[in-house]
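User: I have just opened this one and would like a guided look around. Could you take my questions as they come?

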Amino acid sequence: MLDLRYLRTHLDDVASQLLIKGYKLDKERFSTLDAARKSADIESQALQAERKQASKQIGQLVQTGVAIDDAKAQVQQTLEKIDASLNALKARSQAADEQIQAFLYDVPNIPDVSVPAGKDESDNVEVMVCGEPRQFDFKVLDHVDLGGGLKGIDFDSASTMSGARFAVLKAGVARLHRALAQFMLDQHTECNGYQEINAPLIVNASALTGTTQLPKFADDLFKLEGDADYFLIPTGEVPVTNLARDAIHEEAVLPLKYAAHTACFRSEAGSHGRDTRGLIRQHQFEKVELVQVVKADESERALEELTGHAESILQKLQLPYRKVILCGGDLSFGSCKTYDLEVWLPAQDTYREISSCSNFGDFQARRLMARWRNPESKKIELLHTLNGSGLAVGRTLVAVLENYQNEDGSIEVPDVLHEYMRGVTRIASF
């Protein structure tokens, strides 16, 4: 969330910057809440001073001839009235704090100055294109038809046991999916310097609040029945980023670089009617998540590095893709800058998102209390958090099936996956 002190002193500037995201900051409400909080604090301080003075009055009353017991009783009566007022003010101040906290939880992160203006994904700006789409001399099939012909993707069985937006992968296709995840993990841990993490798939509300999924996006989460505090993770970002929470990290351990292969679960509450065919938008899917936790002056460089690591997977798989920078209107709630990587899907004749790589600045770290000790200033400072898919495994599977298809419906296995497929170089129907 945003820094309360910064918001208080730069309210107009913040409101103007948030308009790039299409968010209209309610300046009047914030000022009203902040004034109520400040008023309660001032009154409380005045009463504390009054209480301190009242406790000294026993001796003064005795000097004027009042019996000591009567003086004590008189002062005690005054102190009780002050304490009652202080308790009421404490409750008022706490309510004001909670209202401001709720207000801040609803305010998105400020976009970086390099983020282009725009309303939606159509205004995203292409940064670069890598690779030429393959030219086919036969009719291209999409991954659903390819998977069906290979008897490797079974939507009917999944629908029977789980409902819509689920799939069962079988035989060579399931093996290819596993190979992709293992290949990604190996690349990131052995070549890109990430520490492998095996993280919980169930987290509490506090963890989701720390990474900004709650309270803003509760409708997109799967909450465990009968328990108000536990949820299935929507992304590996949640448990992995939470590894940095409630800690003061020494400079020697920074940056923190983690890679985790996890299942992810999303209700897709706002996607009715979108991508209903195939594996593109599922309730359950897998990703290899990349997370970096860095010092503030390193986060801009870290975003370029992390994005490059995600790109390296596409390059090694020889999948054509493009890189775009998201415009303000398409930028997520918590991100200050995001690059999307979009892979070429021949059957759709277009590029589709396969990874979002985002810099959150100190927005998540402030909620998480993820900090580091600056040895030069001796001060405790907030860290910056970044994450990205390196890559979404299911969407990568889709891209491989479609880009590596043969006229007979078989699939050539990319060269870099041969060792993970134990020598299998081609997937055909069995």
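User: To start with the sheet of eight strands, in what order do the strands run, and is the pairing parallel, antiparallel or mixed?

Analyst: Bear in mind that this is a predicted model. In it, eight strands make an open sheet whose order is β1-β10-β11-β12-β15-β9-β8-β4, with mixed pairing. The edges are β1, residues 125-130, and β4, residues 195-197, each of which pairs on one side only. From one strand to the next the twist averages 25°.

User: How many bridges join β1 to β10, and which way do they run?

Analyst: β1 and β10, the latter covering residues 321-325, are antiparallel and are joined by five bridges. As one example, methionine 128 has lysine 323 in β10 as its bridge partner.

User: Which strands does helix α8 touch?

Analyst: Helix α8, residues 171-191, packs on the sheet and touches β4, β8, β9 and β15, while its direction makes about 5° with that of β9.

User: And which strands does α13 lie across?

Analyst: Helix α13, residues 393-403, lies across β8, β9, β11, β12 and β15, and it runs at about 35° to β15.

User: Switching topic, which way do the side chains of β13 point?

Analyst: They alternate along the strand, which spans residues 370-373: Ala370 and Trp372 point to one face and are buried, whereas Arg371 and Arg373 point to the other face and are not buried.

User: What does β13 pair with, then?

Analyst: Strand β7, residues 247-249, pairs with β13 in the parallel sense over three bridges, and strand β14, residues 380-382, pairs with β13 in the antiparallel sense, also over three bridges. Arginine 371 takes part on both sides, standing opposite isoleucine 248 and having leucine 382 as its bridge partner in β14.

User: How many residues sit between β13 and β14 in the hairpin?

Analyst: There are six residues between the two strands of that hairpin, and lysine 378, which lies in the turn, has a positive phi of about 65°.

User: Now for charges: how many salt bridges are there in the whole structure?

Analyst: A search of the whole structure finds 24 salt bridges. As general background, side chains of opposite charge can pair when their charged atoms come close.

User: Which residue does arginine 322 meet in a salt bridge, and at what distance?

Analyst: The side chain of arginine 322 meets that of glutamate 342 at 2.6 Å, N to O. The pair links distant parts of the chain, since arginine 322 is in strand β10 and glutamate 342 is in strand β11, 20 residues apart. There is also a network of salt bridges that links Glu126, Arg322 and Glu342.

User: Are those two, arginine 322 and glutamate 342, buried or partly exposed?

Analyst: Arginine 322 counts as partly exposed because its relative accessibility is 24%, while glutamate 342 counts as buried because its value is 11%.

User: Which residue does glutamate 305 meet within helix α11?

Analyst: Glutamate 305 meets arginine 301 in a salt bridge of 3.6 Å, N to O. Both lie in helix α11, residues 299-316, four residues apart, which is about one turn of the helix. Glutamate 305 is partly exposed, with a relative accessible area of 26%, and arginine 301 is likewise partly exposed, at 42%.

User: What about arginine 281, which partner does its side chain meet?

Analyst: Arginine 281 meets glutamate 268 in a salt bridge of 3.6 Å, N to O. Arginine 281 counts as buried at 13% relative accessibility, and glutamate 268 counts as buried at 12%.

User: Which side chain of opposite charge is nearest to arginine 395, and how far away is it?

Analyst: The nearest one is glutamate 353, at 4.7 Å, and arginine 395 is buried yet has no salt bridge. A salt bridge needs the nitrogen within 4 Å of a carboxyl oxygen, so a pair beyond that distance is not counted. Arginine 395 lies in helix α13. Leaving aside residues up to four places away in sequence, arginine 395 touches Ile280, Arg281, Glu353 and Ile354.

User: Last one, what is the overall size, and how does the radius of gyration stand against a compact globule?

Analyst: The C-alpha atoms fill a box of roughly 110 × 45 × 40 Å along the principal axes. The radius of gyration is 28 Å, where a compact globule of 430 residues would have one near 22 Å. The secondary structure comes to 13 helices and 17 strands, and 48% of the 430 residues count as buried.

Definitions and conventions. Residues are numbered from 1 along each chain as its sequence is written. This is a predicted model: local features need pLDDT of at least 70, side-chain atom pairs count only at pLDDT 80 or more; totals for chains, interfaces and linings use all residues. Side-chain values use heavy atoms; hydrogens and water are left out. Buried means under 20% relative accessible area, exposed over 50%, partly exposed in between (1.4 Å probe, protein chains only). Two strands pair if DSSP finds at least two bridges between them. Axes are lines fitted to C-alpha atoms, for helices over the stretch in contact, and angles run from 0 to 180 degrees between N-to-C directions. Contact means heavy atoms within 4.5 Å. Lys and Arg count as positive and Asp and Glu as negative; His and the chain ends are not counted. The radius of gyration is taken over C-alpha atoms; the globule rule is 2.2 Å times the number of residues to the power 0.38.
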